[in-house]
Amino acid sequence: MRRDRFYLDLVLSSPSMFNRRQFIGSVPVSAVAISAAGFGQSAQSQETQNQENADSEIIASPPVVQNPRVNGFGVSIAVNRLATAWVEYGFSKDDLAFTAVASQHGLICADDRTLHVRVHHHEALPSDRAIFYRVMVQSLRYRSAYVLERSEPQSTATYPLRLTSRSASSVRIVSINDTHEHLETIQTLHREIEKLNPDLLIWNGDSCNDFDAADSPEQVLLNPAKNRQLSWASTRPLLFSNGNHDVRGQRAREVIKSFAASPESSELPYNQALRFGPLAVITLDTGEDKPDRHPVFAGTAAYEPYREKQATWLTQALERPEIADAPYKIAACHIPLRGLDGQNDGTTLEGYASYCGFAAKLWLPILKQANCQAIVSGHMHRDRLDAASKDMPILQFVGGGPRPEQATLTVIDANDDGNQKSLAIRIVNLKGNVLHEHQWA
């Protein structure tokens, strides 16, 4: 008991890492304890260690905003050693009055690669003005269960974030795909995205070539430009749609640890159905481009039942009132759901899929029944537009990449001014030239 009392006194005498206006009396002792002196060390060596911790950089990526909702959003950030994080936010750059912290079952979340913090505001967040936020990160070191060392907190810049609501009169979405760690393409995409200034960004799969043992998934996904000053998803939300290369390699299972999953379902982390103004956006995960039984997977693939589960989810999502009554609907998935004559559908052991026959059979009838206007995909590294037909009234926009001369952006603009509704989708290259387009009105 005396030992516990000693550590409690030590904690109460140490500065808290949280905004006192929000969290006094609500944070567990173990989350904020700082040891005053390392047992078995001299005071001088302890001071040196603390100084090293204070001087070294903890933050290893720009913040990435994900999973926007009416009253919240998620933020992911990469770190280079064990740390905790929290988000300070508000409606003025000089007054970040609210604090969000990530915890599970009462224990503050900590990780040595990626940290996710979800903001749950007590009411709907404004969509007519910016929400300002910054991420605070603080390293954590365990000397024992009761002796925890913390560095001084480090902070990102304060970013203005804009969220788009269901009541918005217009929305612009930009979809990119097949970046495959091509640095020149990624850096150019950053510049083009800023010029287009979308409300939402979709990264439509194949962020990498594969995730082998030497790779760092959190750097590929959260810091793709290899520059913390270049961020395409700090001032707008990002939706990530998994690609077939994103599930390959020894460390592919860490992808979901690098990006925050959909808050509604950990079993279907890349499936979201969201309403932005007159547009509903549905994201789907086509998985691998070969059958599960293919010998290259050595019994590690189970995408066929996964797609079936998504079909059930898709039916239910499209029946939700805010999705069903959207004037326009688009679906984003990495592998196309429609192919050209003679192309491989990926259902046999020969070759690989140019389009996903498994998903097409399951999902296309559901999307057609729901009057979906378009599918946005990639995978083929060559841009194209598949026109609607009587049998399949859904257009398909296929983006290119990854080399700069093949890379594209798919720009989606939906408007409802009260008198007229419209949807326009175009594929542009990195010079801004329009390659394909279609309009609905």
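This dialogue goes through selected features of a predicted model and how to read them.

User: On what basis are the residues numbered, and which pLDDT limits apply to this predicted model?

Analyst: Residues are numbered from 1 along each chain as its sequence is written, and side-chain values use heavy atoms, with hydrogens and water left out. Because the model is predicted, local features need pLDDT of at least 70 and side-chain atom pairs count only at pLDDT 80 or more, while totals for chains, interfaces and linings use all residues.

User: How many helices and strands does the chain have?

Analyst: Helices (H or I, at least four residues) and strands (E, at least two) are DSSP runs, numbered from the N terminus. The chain comes to 10 helices and 23 strands. Buried means under 20% relative accessible area, exposed over 50%, and partly exposed in between, with a 1.4 Å probe and protein chains only. Of the 441 residues, 54% are buried. Contact means heavy atoms within 4.5 Å. Among contacts with a separation of 6 or more, 70% are between residues 24 or more positions apart.

User: How should one read helix α10, and at which residue does α10 bend?

Analyst: An α-helix has 3.6 residues a turn, so residues three or four places apart point the same way. Helix α10 covers residues 357–369 and has 13 residues. Its span from first to last C-alpha is 18 Å, close to the 18 Å expected at 1.5 Å a residue; the expected span is 1.5 Å times one less than the number of residues. A bend is the angle between axes fitted to the seven residues ending at a residue and the seven starting there. In α10 the bend is about 40° at Trp363, and Pro365 follows within four residues.

User: Which residues of α10 are buried, and against which elements do they pack?

Analyst: Gly357, Ala359, Ala360, Trp363, Leu364, Ile366 and Leu367 are buried in α10. The buried residues of this helix pack against α8 (303–319), β17 (328–332) and β18 (374–377). Just after α10, Asn371 takes a positive phi of about 60°.

User: Which residues touch the most other members of the largest nonpolar core?

Analyst: A nonpolar core is a set of buried Ala, Val, Leu, Ile, Met, Phe, Trp, Tyr and Cys residues joined through side-chain atoms within 4.5 Å. The largest core has 61 residues, and Ile176, Trp232, Leu314 and Leu409 touch the most other members. Its largest share, seven residues, comes from α8. Leaving aside residues up to four places away in sequence, Leu314 touches Ile282, Leu284, Trp363, Ile366 and Leu367. A second, separate core of 24 residues includes Ala100, Leu125, Val137 and Tyr159.

User: In what order do the six strands of the open sheet lie?

Analyst: In a regular strand the side chains alternate between the two faces of the sheet. Two strands pair if DSSP finds at least two bridges between them. Here, the open sheet has the order β15-β16-β17-β18-β20-β19, with mixed pairing. β15 (272–276) and β19 (384–386) stand at the edges, each with a single partner strand, so one side of each is left without a neighbour in the sheet. The twist averages 20° from one strand to the next. Axes are lines fitted to C-alpha atoms, for helices over the stretch in contact, and angles run from 0 to 180 degrees between N-to-C directions. β15 pairs with β16 (residues 279–283) in the antiparallel sense over five bridges, and Ala273 has Ile282 of β16 as its bridge partner. Helix α8 lies across β15, β16 and β17 and runs at about 165° to β16.

User: Where does the chain have a cis peptide bond, and which residue in strand β1 has a positive phi?

Analyst: Most residues other than glycine have a negative phi, and most peptide bonds are trans. The bond from Gly401 to Pro402 is cis, with omega near -5°, and Pro402 lies in the loop between β20 (395–398) and β21 (408–416). Asn67 has a positive phi of about 50° although it is not a glycine. Asn67 is in strand β1 and is buried, with a relative accessible area of 3%. Strand β1 (residues 64–69) has six of its six residues buried, and a hairpin joins β1 to β2 through two residues.
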